[in-house]
Amino acid sequence: MQLPYIVVLLVVFFVSMVGKFFSNAGMDWYDTLNKPALTPPRWVFGVVWPLIFLLTALAAITVWQRFTRDSIFWTIILLFVVNAVLNLSWSYLFFYKHLIFASVICSVLLTLVTYALIFLIAQQSFAVASLLFLYAGWITFATYLDFLFWVLNRR
C-alpha cells in the first residue's frame with residue numbers, strides 16, 4: 001500500500017477517534033439540551049458517520065490516485081484537510097466546549113467546504129464526487145439542527 005493511502009486512512013481514523021472522544025465527553029451535557037424535533041436517535045450517528053468516513057476516504061484516495069496534479073488537484077487536497085480540521089473543530093466546539101453558536105458557524109463553514117469539494121471533484125469525475133453526496137446531505141441537515149440547538153438553548 002502506498003504512503004498517500006496510509007496517510008488518508010490514518011487521517012480519517014484520527015478524525016473519527018478524536019471526534020468520538022469529544023462527542024463522548026459531552027454526552028451528559030447533550031442529554032440536558034432542548035432538542036429539535038427532527039433530532040435523530042443516537043444509534044443513527046453510529047451508522048451514518050462510519051459510512052461517511054469510509055466514503056470520504058475512498059473519495060480522497062481516488063482523487064490522489066487518478067487526478068492530474070494541477071492547481072485544482074492541490075485545492076481539492078487542501079479542502080480535504082480543511083474539512084478534517086473543521087470536522088474536529090465542530091465536535092470540539094459543540095460537545096467539548098458547549099459553544100453552540102460557534103459550532104453553528106463551524107458547521108456552516110464545513111458545509112461550504114464539503115460542497116466546494118463536490119463541485120471541484122465533479123469537474124473531473126462525477127462518480128468520485130458522488131461519494132460525498134451522503135456527507136453533504138448529512139452535514140446540511142446537521143447544520144440546520146445545530147442552528148435549532150442554538151435557538152432552543154440560548155440563555
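**A helical chain and its salt bridge**

In this predicted model, Arg42 is partly exposed, its relative accessible area being 45%. The side chain of Arg42 meets that of Asp31 in a salt bridge, with a nitrogen-to-oxygen distance of 2.3 Å. Because Arg42 belongs to helix 3 and Asp31 to helix 2, the pair ties together parts that lie 11 residues apart in sequence. Asp31 is likewise partly exposed, at a relative accessible area of 43%, and a search of the whole structure finds 1 salt bridge.

The protein chain contains 7 helices and 0 strands, and its pattern along the sequence reads α-α-α-α-α-α-α. Helix 1 comprises the 23 residues 3–25, for which a rise of 1.5 Å a residue predicts a span of 33 Å, in agreement with the 32 Å that separates its end C-alpha atoms. The buried residues of helix 1 are Tyr5, Val8, Val12, Val15, Ser16, Gly19, Phe22 and Ser23, and these pack against helix 2 (27–32), helix 3 (42–66) and helix 4 (71–96). In general, an α-helix has 3.6 residues a turn, so residues three or four places apart point the same way.

Over the protein chain, 46% of the 155 residues count as buried, and among contacts between residues at least 6 apart in sequence, 76% join residues at least 24 apart. The radius of gyration is 16 Å, which agrees with the value near 15 Å for a compact globule of 155 residues, while the C-alpha trace spans about 50 × 25 × 25 Å along its principal axes. The accessible surface comes to about 8,700 Å², 73% of which belongs to carbon and sulfur atoms.

How values were computed:
Residues numbered from 1 in each chain as written. Predicted model: local features only at pLDDT ≥ 70, side-chain atom pairs only at ≥ 80, totals over all residues. Heavy atoms only, no water. Helix = DSSP H or I, 4+ residues; strand = E, 2+ residues; numbered from the N terminus. Expected span 1.5 Å × (residues − 1). Buried < 20%, exposed > 50% of the residue type's maximum accessible area, 1.4 Å probe, protein only. Contact = heavy atoms within 4.5 Å. Salt bridge = Lys/Arg side-chain N within 4 Å of Asp/Glu carboxyl O. Rg over C-alpha atoms; globule rule 2.2 N^0.38 Å. Areas by Shrake-Rupley, 256 points an atom, 1.4 Å probe, with all protein chains shown as cover.
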